[in-house]
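Student: Could you walk me through reading the local features of a model like this one? I would like the general idea each time, and then the case at hand.

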Amino acid sequence: VDIIFGSETVKSAIGKLGAWYTGEIQNNITAGDWKPNDPATISQKGSSKPLIDTGTMRASITHVEFNI
């Protein structure tokens, strides 16, 4: 709606959407309802939490702004 009335640009709205989706994906990795790791995996990495080992993958999720 803000784009239609000229109070926001398409680029700004897409940037906000990208930031929102980035947060949603990161939150889902952290708090998602995932099946626990196999006991062998737990003994290797010390955690039953899938998708999280060092946190590097989660932290690397971002969005890219582009020129319109």
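What follows is a conversation about confidence, side-chain contacts, aromatic rings, backbone angles and the surface.

Student: Where should I start, and what is the average pLDDT of the protein?

Tutor: Start with confidence, as this is a predicted model. The protein has an average pLDDT of 91, and 100% of the residues reach at least 70.

Student: Which helix has the lowest confidence and which the highest?

Tutor: The low end is helix H2, residues 39-45, with a mean of 93. The high end is helix H3, residues 56-60, at 95.

Student: Let us turn to charges. How many salt bridges does the structure hold?

Tutor: There is 1 salt bridge. It joins the side chains of glutamate 8 and lysine 16, with an N to O distance of 3.0 Å.

Student: Are glutamate 8 and lysine 16 buried or exposed?

Tutor: The two partners fall into separate classes. Glutamate 8 has a relative accessible area of 16%, so it is buried, the cut-off being under 20%. Lysine 16 has 54%, so it is exposed, the cut-off there being over 50%.

Student: Next, polar contacts between side chain and backbone. What does the side chain of threonine 9 contact?

Tutor: A polar atom of the threonine 9 side chain lies 3.0 Å from the backbone nitrogen of serine 12. Threonine 9 sits in the segment before helix H1, which spans 10-31. Its relative accessibility is 49%, so threonine 9 counts as partly exposed.

Student: Which backbone oxygens does the side chain of asparagine 37 reach?

Tutor: Asparagine 37 belongs to the loop between H1 and H2. A polar atom of its side chain lies 3.4 Å from the backbone oxygen of serine 47, and the side chain also reaches the backbone oxygen of lysine 49, at 3.3 Å. With 16% relative accessibility, asparagine 37 counts as buried.

Student: And what does the side chain of glutamine 26 contact?

Tutor: Glutamine 26 is part of helix H1, and a polar atom of its side chain is 3.1 Å from the backbone oxygen of arginine 58. At 15% relative accessibility, glutamine 26 counts as buried.

Student: How do I describe aromatic rings that pair up?

Tutor: Two values describe such a pair: the distance of the ring centres and the angle of the planes. This structure holds 1 aromatic pair. Tryptophan 20 and tyrosine 21 form it, 4.8 Å centre to centre with 75 degrees between the planes.

Student: Why is the pair of tryptophan 20 and tyrosine 21 called edge-to-face?

Tutor: The angle of 75 degrees is over 60, so the pair counts as edge-to-face. As for the surroundings, tryptophan 20 is partly exposed at 47% relative accessibility, and tyrosine 21 is partly exposed at 46%.

Student: What should I look for in the backbone angles?

Tutor: Most residues other than glycine have a negative phi. Leucine 51, although not a glycine, has a positive phi of about 70 degrees. Leucine 51 is located in the loop between H2 and H3, and counts as partly exposed at 41% relative accessibility.

Student: Finally, the surface. Which residues make the nonpolar surface patch?

Tutor: Ile3, Val10, Ile14, Phe66 and Ile68 make a patch of about 440 Å². Take valine 10 as an example: it lies in helix H1 and is partly exposed, with a relative accessible area of 39%. A patch residue needs over 30% relative accessible area, so valine 10 meets that cut-off.

Technical notes
Residues are numbered from 1 along each chain as its sequence is written. This is a predicted model: local features need pLDDT of at least 70, side-chain atom pairs count only at pLDDT 80 or more; totals for chains, interfaces and linings use all residues. Side-chain values use heavy atoms; hydrogens and water are left out. pLDDT is the predictor's confidence in each residue, from 0 to 100. Helices (H or I, at least four residues) and strands (E, at least two) are DSSP runs, numbered from the N terminus. Buried means under 20% relative accessible area, exposed over 50%, partly exposed in between (1.4 Å probe, protein chains only). A polar contact is a pair of N or O atoms within 3.5 Å; within protein, one must be able to donate a hydrogen and the other to accept it, and residues adjacent in sequence count only if both atoms are side-chain atoms. Rings of Phe, Tyr and Trp (its six-membered ring) pair if their centres lie within 6.5 Å; planes under 30 degrees apart count as stacked, over 60 as edge-to-face and the rest as tilted. Patches are made of residues with over 30% relative accessible area and no salt bridge: like charges are joined within 9 Å, nonpolar side chains (Val, Leu, Ile, Met, Phe, Trp, Tyr) within 5 Å. Accessible areas come from the Shrake-Rupley method with a 1.4 Å probe; for residues, only the protein chains shown count as cover. A salt bridge is a side-chain nitrogen of Lys or Arg within 4 Å of a carboxyl oxygen of Asp or Glu.
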